[in-house]
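This report goes through selected contacts, cores and surface features of a single protein chain. The sequence and the structure are shown below.

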Amino acid sequence: MTTVSIWRWPTPSGLPPLPVIASLCAVLGAMWLTAPLVEVDFVRLAGSLGKMAVFAGHFFMAPDWAYLPQLLGKMLETIEMTVLATAIALVVSLPLGVLAARNATPHIVVYRLVRDLLSLMRALPELVWALVFVSAVGLGPLPGVMALALVTVGFMGKFFAEAIEVVDHKPVEGVRAHGAGWLQVRLFAMLPQALPDFVGTVMYILDHNLRAATILGLVGAGGIGYDLVMAMRLYQYDRLILIALAIYLVVTLLDRLSDQLRSRIIHGARA
């Protein structure tokens, strides 16, 4: 009882509890002491603001409009890689997500094995997997799609499993009481409740995969990434600003689409 009262918030004074303040101070102190290990130097950072301002100033120039057709083609390739990899991952990760959820898996051993498999898939970043697939199948968009799909299965399967684990058990028990089988309970009681979270997850993954696909060109895995890196290396800021603007516009459109889909699903569920 004493421990609960110490951590209770709000306190009579309106301030955070003393243990919370002490814990926060301890964490901040540890971060301050360990900052030199990762070469965090605020004096050096402050001194670099001028250089960053000079670099940003290079973007205030006339864009290379002649590069626009090539940019559109590369950007379309990046979007195709993103959508295809996400679609493949969605098909694979949905059943894995069901098996990786504690309240949906048929056995605890299956739960643990699938969870470990998902952890293995997302242990390495897309760039590393792209290097592996480039060495196996050669240059081009294919290894980029394979790398994105593999890592996406690891993340999406985990998100799906967590969304299923927090569904309300009352509809599940109601469907089960009417004689529904194992698969029917998952399809008609669990998945509909988790659908808004599923949509949000898929849209977030699309956003992430689009940005991840832009850097896979570093290793020859297709997309706009190669042009982005070459524009930076050759100081082609008139192209770089177009590339950055194109990526921003596509990410913004995905964000708006995600808001619309989630809003319609939530309103439909309430109706």
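Which aspartate does the side chain of arginine 239 meet in a salt bridge? The model is a predicted one, and in it the partner of arginine 239 is aspartate 64, with N and O atoms 3.3 Å apart. Arginine 239 belongs to helix α12 (residues 237–270), whereas aspartate 64 sits in the loop between α4 and α5, so the salt bridge ties together parts that are 175 residues apart in sequence. Arginine 239 is partly exposed, its relative accessible area being 26%.

The loop that holds aspartate 64 also holds phenylalanine 60, placed between α4 (49–57) and α5 (68–99). Is phenylalanine 60 buried or exposed? Its relative accessibility is 76%, and it therefore counts as exposed, the cut-off being over 50%. Although 181 residues separate phenylalanine 60 from isoleucine 241 in sequence, their C-alpha atoms are 8.7 Å apart in space.

**Salt bridges**

The count of salt bridges comes to 5, and three of them are set out here, including the one already described.

| Basic residue | Acidic residue | N to O distance |
|---|---|---|
| Arginine 239 | Aspartate 64 | 3.3 Å |
| Arginine 112 | Aspartate 116 | 3.9 Å |
| Lysine 158 | Glutamate 162 | 2.6 Å |

Arginine 112 and aspartate 116 both lie in helix α6 (residues 108–121), where they are 4 residues apart, or about one turn of the helix. Lysine 158 and glutamate 162 are likewise 4 residues apart, in helix α8, and about one helical turn separates them. An α-helix has 3.6 residues a turn, so residues three or four places apart point the same way. In the α6 pair, arginine 112 is partly exposed at 42% relative accessibility, and aspartate 116 is partly exposed with a relative accessible area of 42%. In the α8 pair, lysine 158 is partly exposed at 23%, and glutamate 162 is partly exposed at 32%.

**The interior**

Helix α8 (residues 141–165) also contains threonine 152, which has a relative accessibility of 2% and so counts as buried, the limit being under 20%. The side chain of threonine 152 makes a polar contact of 3.0 Å with the side chain of asparagine 209. Leaving aside residues up to four places away in sequence, threonine 152 touches Ala89, Gly157, Ile205 and Asn209.

Which residues have the most contacts inside the largest nonpolar core? They are Leu118, Ile164 and Phe198, in a core of 26 residues. At least two residues of this core come from each of α5, α6, α8 and α10 (182–213), and α10 gives the largest share, with 8 residues. Leucine 118 touches Leu96, Ala100, Val153, Gly154, Gly157 and Lys158, when residues up to four places away in sequence are not counted. A second, separate core has 19 residues, among them Leu71, Leu210, Tyr237 and Leu240.

**The surface**

A nonpolar patch on the surface is formed by Trp32, Leu33, Leu37, Val38, Val40, Phe42, Leu45, Leu49 and Met52, which together have about 1100 Å² of accessible area. Two or more residues of the patch are given by each of α2 (18–34), α3 (42–47) and α4. Leucine 45, one of the patch residues, lies in helix α3 and is partly exposed at 48% relative accessibility.

**Helix ends and a loop residue**

At the N-terminal end of helix α9 (residues 169–177), aspartate 168 acts as a cap, with a side-chain oxygen 3.1 Å from the backbone nitrogen of lysine 170. Glycine 179 follows α9 and has a positive phi, near 90°. Where does tyrosine 235 lie? Tyrosine 235 is placed in the loop between α11 (225–233) and α12, and its phi is near 55°, a positive value in a residue other than glycine. With a relative accessibility of 60%, tyrosine 235 counts as exposed.

Key: Residues numbered from 1 in each chain as written. Predicted model: local features only at pLDDT ≥ 70, side-chain atom pairs only at ≥ 80, totals over all residues. Heavy atoms only, no water. Buried < 20%, exposed > 50% of the residue type's maximum accessible area, 1.4 Å probe, protein only. Polar contact = N/O pair within 3.5 Å; in protein donor to acceptor, adjacent residues only side chain to side chain. Contact = heavy atoms within 4.5 Å. Salt bridge = Lys/Arg side-chain N within 4 Å of Asp/Glu carboxyl O. Core = buried A, V, L, I, M, F, W, Y, C linked by side-chain atoms within 4.5 Å. Patch = residues over 30% accessible without salt bridge, like charges linked within 9 Å, V, L, I, M, F, W, Y side chains within 5 Å. Areas by Shrake-Rupley, 256 points an atom, 1.4 Å probe, with all protein chains shown as cover.
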